[in-house]
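Please look over the sequence and the structure shown here before reading on. The briefing is meant to be read beside them.

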Amino acid sequence: MSSVLTLAIDIGTGSVRAALVDATGRIVAIRAREHDQIVERFGWAEQRPADWWAGVAGAIRAVLDEVPDARSRIENVVACGQMHGTVLVDENGELTLDRAPLWNDKRTIDIVRDFEANNRPETYLAESGNPPTPAWPGFKLAWLRDHEPEAYGRAAHVLMPKDYINLRLTGEIAMDEGDASCSFLMNPATRTWSQAMIDRLGLDPAKLP
């Protein structure tokens, strides 16, 4: 009898990978699809979520073709990926902005500096669980609100890269606590969104899954 398989997906900064893993943890097959990083200006780093999805589809097809009986053996599908990428989707799950700023995008540096100048650490560290940095999606959302108001206004949800792939796979809108904890918007004690941090950055809490 054939052993069960897990289909594992990783949305990396440089490529998407799909792997078939057996019950002992052995990788039966693995394939990758590269995608571009868009650097429109100094300090910016973006990718197209559509490229992630195309890479996922291509990598999955490749590993399934390599192991002909894999389709009937897969019992689990799991996805992980780069953190802090900020993806905007509307109420139907369609992108409102075709590019997403990545974890290494630094365009929010002025917002971060203003925040640091106007807020003492003891007033936000317990609420955010983190010091302010340009990586956090909370600051990226504030930048998108100010510089991409149409896309921000139409967005019903903000997702991170693997959340977008999970949405495409399942139709579900969700973000796990690991990613949320590095958004600068989650209270680590309550493990829920922090209204205090949302208010400080002037964001719409309805957009947070």
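The points below cover a sheet, two helix pairs and one covered helix. The model is a predicted one. In it, 4 strands form an open sheet, helix α1 lies across β1, β2, β3 and β5, and helix α5 is mostly covered.

**The sheet**

- The strand order is β3-β2-β1-β5, and the pairing is mixed.
- β3 (27–34) and β5 (74–81) are the edge strands, each of which pairs on one side only.
- From one strand to the next, the twist averages 15°.
- β1 (residues 5–11) pairs with β2 (residues 15–22) in the antiparallel sense, over 7 bridges.
- Within this part of the sheet, D10 has R17 in β2 as its bridge partner.
- In general, the strands of a sheet pair through backbone hydrogen bonds, in either a parallel or an antiparallel way.

**Helix α1 and its neighbours**

- Helix α1 runs at about 150° to β3 as it lies across β1, β2, β3 and β5.
- Helix α1 (residues 49–66) also packs with helix α7 (residues 161–170), at an angle of about 60° and with the axes 10 Å apart.
- The two helices, α1 and α7, are therefore oblique to each other.
- The crossing of α1 and α7 is right-handed.
- On the α1 side, the contact is made by P49, W52, W53 and V56, and on the α7 side by P161, Y164, I165, R168 and L169.
- Sorted by class, the contact of α1 with α7 has 8 nonpolar residues, 1 charged residue and no polar ones.
- As general background, an α-helix has 3.6 residues a turn, so residues three or four places apart point the same way.

**Helix α5 and its cover**

- Of the 11 residues of α5 (residues 137–147), 8 are buried.
- The buried residues of α5 are P137, G138, F139, K140, L141, A142, W143 and L144.
- The elements covering them include the helices α3 (109–118), α6 (149–154) and α9 (195–201), and the strands β6 (87–89), β7 (100–101) and β8 (157–159).

**The crossing of α3 and α5**

- The axes of α3 and α5 come within 9 Å and cross at roughly 115°.
- Helices α3 and α5 are therefore roughly perpendicular to each other.
- The crossing in which α3 passes α5 is right-handed.
- I111, V112 and F115 of α3 make the contact with F139, A142 and W143 of α5.
- This contact of α3 with α5 has 6 nonpolar residues, with no polar and no charged ones.
- F139, A142 and W143 are also among the buried residues of α5.

Conventions. Residues numbered from 1 in each chain as written. Predicted model: local features only at pLDDT ≥ 70, side-chain atom pairs only at ≥ 80, totals over all residues. Heavy atoms only, no water. Axes fitted to C-alpha atoms, helices over the stretch in contact; angles between N-to-C directions. Parallel < 35°, antiparallel > 145°, perpendicular 65-115°, else oblique. Left-handed = near helix turned anticlockwise from the far one by under 90°. Contact = heavy atoms within 4.5 Å. Nonpolar A, V, L, I, M, F, W, Y, C, P; charged D, E, K, R; others polar. Buried < 20%, exposed > 50% of the residue type's maximum accessible area, 1.4 Å probe, protein only. Pairing = 2+ DSSP bridges.
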